[in-house]
Amino acid sequence: MSGDETLIRIVAAIAMNARGEMLMVRKRGTGAFMLPGGKPGAGESALDALEREVGEELDCGLDRAGCRPLGTFRAPAANEPGFTVEAELFAVSLDGEPRPWGEIDALIWVDPDGELPDPMAQLGREHALPQARLLKAYARSVSK
């Protein structure tokens with residue numbers, strides 16, 4: 001893990017639907033809802049990793065032309081006590097209808113201004129939700 005053995009580097013997707021809701025997933029055997037995504041493989045670019053993870057977790061594609069980097073954020077890892085996750089977040093457009101696949105047990109669409117799933121990974125709560133609120137507000141402003 002290059003230097004800090006407690007740091008987990010991942011890529012994660014903020015996918016929004018037409019109602020302004022953000023997609024969240026729960027991995028099999030865990031409790032917290034989190035963003036789709038995962039760890040890049042050796043030599044794999046962030047977008048390549050995200051595209052692979054979306055396919056593996058949601059059984060759909062990623063519209064790469066619709067992906068925008070939102071920054072890199074850190075938070076305590078939801079499923080690995082004592083570890084910190086460093087996530088490169090992307091606003092994404094999915095190609096196809098997502099469904100739980102592979103290691104994903106459940107998926108939900110969450111209104112970033114509404115009731116939130118409990119438990120929810122800290123990365124989602126502290127960093128993805130503010131980004132999703134901005135994306136929702138922007139989508140509302142351009143649709144007027």
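**Group meeting: salt bridges, core and helix H2**

A search of the whole structure turns up 15 salt bridges, and I should say at once that what we are looking at is a predicted model. I will take a few of those pairs one at a time, and then move to the core and to helix H2.

Side chains carrying opposite charge can pair when their charged atoms come close. One such pair is Lys 27 with Glu 103, whose side chains meet in a salt bridge at 3.5 Å, N to O. Lys 27 sits in strand S2, while Glu 103 belongs to the loop between strand S7 (94-95) and S8, so that the pair links distant parts of the chain, 76 residues apart. Lys 27 is partly exposed, with a relative accessible area of 21%, and Glu 103 is partly exposed as well, at 38%.

The next pair is Glu 51 and Arg 64, where the side chains meet in a salt bridge at 2.9 Å, N to O. Because Glu 51 lies in helix H1 (residues 46-58) and Arg 64 in the loop between strand S4 (61-62) and S5, the pair ties together parts that are 13 residues apart in sequence. For Glu 51 the relative accessible area is 32%, which makes this residue partly exposed, and Arg 64, at 33%, is also partly exposed.

Then there is Asp 113, which forms a salt bridge with Lys 136, the closest N and O atoms being 3.2 Å apart. Asp 113 is in the loop between S8 and H2, Lys 136 is in helix H2, and the two are 23 residues apart. Is Lys 136 buried or exposed? With a relative accessible area of 12%, Lys 136 is buried, whereas its partner Asp 113 is partly exposed at 48%. Salt bridges that share partners join these two with Asp 111, Arg 133 and Arg 140 into one network.

Let me turn to the interior. The largest nonpolar core has 23 residues, and those that touch the most other members are Ile 10, Ile 14, Met 22, Met 24, Leu 35, Leu 89 and Leu 123. At least two residues of this core come from each of strands S1 (7-15), S2 (22-27), S5 (68-76), S6 (84-92) and S8 (104-110), and from helix H2 (122-142). Which element gives the most to this core? That is H2, with five residues.

Leu 35 is worth a pause: leaving aside neighbours within four places in sequence, Leu 35 is in contact with a set of residues that includes Ile 14, Met 22, Met 24, Leu 89 and Ala 128. There is also a second, separate core of 18 residues, with Val 11, Phe 90, Val 92 and Ile 104 among them.

Finally, helix H2 itself. This helix has 21 residues and reaches 30 Å from its first C-alpha to its last, close to the 30 Å expected at 1.5 Å a residue. Even so, H2 bends by about 45° at Ala 128, and a proline, Pro 130, follows within four residues. The buried residues of H2 pack against S1, S2, S5 and S6, and they include Leu 123, Ala 128, Gln 131 and Lys 136.

Gln 131 makes a good last stop. Its relative accessibility is 17%, and because buried means under 20%, Gln 131 counts as buried. Leaving aside neighbours within four places in sequence, Gln 131 is in contact with Ile 14, Leu 70 and Phe 73.

Conventions: Residues numbered from 1 in each chain as written. Predicted model: local features only at pLDDT ≥ 70, side-chain atom pairs only at ≥ 80, totals over all residues. Heavy atoms only, no water. Core = buried A, V, L, I, M, F, W, Y, C linked by side-chain atoms within 4.5 Å. Buried < 20%, exposed > 50% of the residue type's maximum accessible area, 1.4 Å probe, protein only. Contact = heavy atoms within 4.5 Å. Expected span 1.5 Å × (residues − 1). Bend = angle between axes of the 7 residues up to and from the residue. Salt bridge = Lys/Arg side-chain N within 4 Å of Asp/Glu carboxyl O.
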